[in-house]
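How does a protein model hold its ligand? Let us look at the ligand and what surrounds it.

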Amino acid sequence: MDSLSLTRSDLHRQKAYIDGAWVEGSTRIAVLNPATHEQIGTIPNLGALETETAVAAAERAQVAWKCELAKERGRILRRWSQLMLDNAGDLAAILTQEQGKPLSEAKGEVAYAASFLEWFAEEARRIDGEILAPHQADKRLYVHKVPVGVVAAITPWNFPLAMITRKAGPALAAGCTMVLKPSELTPYSALALAVLAEEAGVPNGVFNVVTGDAAPIGDVLTDDTRVRKFTFTGSTAVGKMLAARCMDTVKRVSLELGGNAPFIIFDDADLDKAVEGALIAKFRNTGQTCVCANRFYVQSGIYEKFAAALAGKVKAMRFGPGIPIGEADCGPLIDTKAVEKVGAHVSDCVARGGQLLVGGRALEGAPGFFEPTVISEVSANSMLCREETFGPVAGLVRFEDEDEAIALANCSRAGLASYFFTRDYGRVHRVSEALDYGMVGVNTGIISTEVAPFGGVKESGLGREGSRHGIEDYLEIKMVCAAI
Ligand code: NAP
């Protein structure tokens with residue numbers, strides 16, 4: 001990390017953060033740069049004991065935190081957001097070095113992540129209750145919204161800042177406290193956030209970061225009766241397993257899980273805009289976002305033109321390390337397992353008759369990199385259409401009419417993001433209503449904002465993050481029936 005020459009070297013912490021203290025572990029885990037596979041540092045390998053300590057601290061701290069005026073909680077969150085923006089260059093450099101995305105994208109993530117703290121700083125003051133018309137003359141009925149309590153959060157490596165603030169913002173705004181386990185692949189962004197939380201005035205114990213092996217930490221976060229809410233972003237398989245464990249103590253559960261987004265291009269689409277939308281929806285973060293277009297369904301009348309235009313743009317993409325800035329459009333994949341999975345999807349497409357238009361290979365001598373790839377004449381039964389690829393591969397499937405496109409798009413157990421391009425006004429409404437997804441992008445390849453509810457249906461998750469709905473998952477409804 002020294003090679004990055006941060007303006008504030010204290011943002012690069014190699015200790016966990018529990019109850020306002022920086023904590024060492026008796027053993028350590030190495031953290032690698034995915035672009036070089038070189039070690040960039042280590043983190044404490046904490047376990048059940050330290051996680052229980054963090055939960056106890058969060059429980060103690062919640063007593064005072066929930067009693068703070070909402071305005072004060074909002075003021076602290078706003079300061080935290082501003083500190084992120086003030087230190088955007090350093091945060092982006094830390095993020096790129098551990099995650100791999102190009103530095104310009106990392107800067108975008110810093111701003112996106114800070115926006116959730118700012119948004120929920122404002123929402124803190126809008127947690128209103130209700131007075132109900134009484135059911136009896138001598139009774140009064142009140143409904144209060146109260147914080148759920150101690151929140152456990154587990155977050156993935158693909159957005160090491162934003163996936164945290166999208167949870168910490170509403171949790172802290174609501175008066176909850178948090179124990180976070182970030183991915184061990186990208187812990188330094190989370191720890192830098194903790195440095196800034198401390199500086200913003202977040203009291204000891206309100207925001208804790210426990211680093212280490214996932215399983216023992218996860219066991220405490222799912223089983224401990226003091227944790228009243230569990231919020232997870234990551235793969236569907238792990239999310240289902242952890243959610244099932246949470247049921248033993250009947251925790252509130254929110255899940256932001258995997259997607260497998262369809263991207264439909266109708267004959268009447270604006271070709272240039274569809275290509276531009278496809279590039280951003282597919283290749284942002286090297287194809288490693290949960291809302292990435294995974295399956296392209298292209299109507300036969302525009303198929304050849306779209307395939308040629310997309311292939312031309314992808315061929316011109318530069319891939320390489322995320323730093324220095326401006327030298328790469330695509331970075332490395334997170335690890336060699338990811339490269340193998342992407343390779344398997346490409347091979348399967350080709351074995352079923354797909355034609356490689358661009359790319360198709362992992363780079364020799366650069367273990368994390370896979371060429372940005374476009375494949376035409378992909379079978380609708382290919383692995384690429386059935387599973388999330390999480391890599392820089394666009395597979396194009398041909399279709400004939402609207403009903404067929406909708407049927408193909410909805411044929412998935414995932415239901416997170418979906419996209420389509422058309423200039424037909426009626427079709428905009430028909431197709432957006434017919435798509436069985438939590439989010440629909442119409443004539444755009446980028447849909448995420450703190451202002452709108454983010455989340456999926458079917459096996460893509462439970463609950464929504466961001467927007468005015470995002471705070472509801474951190475609030476309980478409490479009714480008071482008072483006889484007068
Ligand atoms: P993952 O393997 O499920 O890991 C996610 C988190 O769970 C990491 O912190 C991981 O820790 C932890 N974890 C893994 N096994 C665990 C266990 N047994 N107990 C407790 N924690 C455990 O997913 P990923 O590969 O990091 O992330 C990619 C997936 O996330 C994709 O499917 C993507 O679509 C999804 N995602 C969804 C959204 C959304 O908003 N819907 C957003 C981003 C990503 P370690 O990393 O330390 O092992």
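What follows is a short walk around the ligand.

This is a predicted model: local features need pLDDT of at least 70, side-chain atom pairs count only at pLDDT 80 or more, and totals for chains, interfaces and linings use all residues. Residues are numbered from 1 along each chain as its sequence is written, and side-chain values use heavy atoms, without hydrogens and water.

Start with the shell. It holds 29 residues around the ligand, each with a heavy atom within 4 Å of it. Thr-155, Ser-183, Glu-184, Ser-235 and Glu-388 are the closest. By class, 15 are nonpolar, nine polar and five charged. Here Asp, Glu, Lys and Arg count as charged; Ala, Val, Leu, Ile, Met, Phe, Trp, Tyr, Cys and Pro as nonpolar; the others, Gly among them, as polar.

Now look at oxygen atoms of the ligand. One lies 2.5 Å from a side-chain N or O atom of Glu-388. For Glu-256, the side-chain distance is 3.2 Å. Thr-155 uses a backbone N or O atom instead, at 2.7 Å. The ligand alone exposes 900 Å², and the protein buries 86% of that (Shrake-Rupley method, 1.4 Å probe).

Which elements give two or more residues to the shell? They are helices H5 (162-174), H7 (214-223) and H8 (236-246), plus strand E10 (227-233). These are DSSP runs, numbered from the N terminus (helices: H or I, at least four residues; strands: E, at least two). H8 gives the largest share, three residues.

Terms used
Polar contact = N/O pair within 3.5 Å; in protein donor to acceptor, adjacent residues only side chain to side chain.
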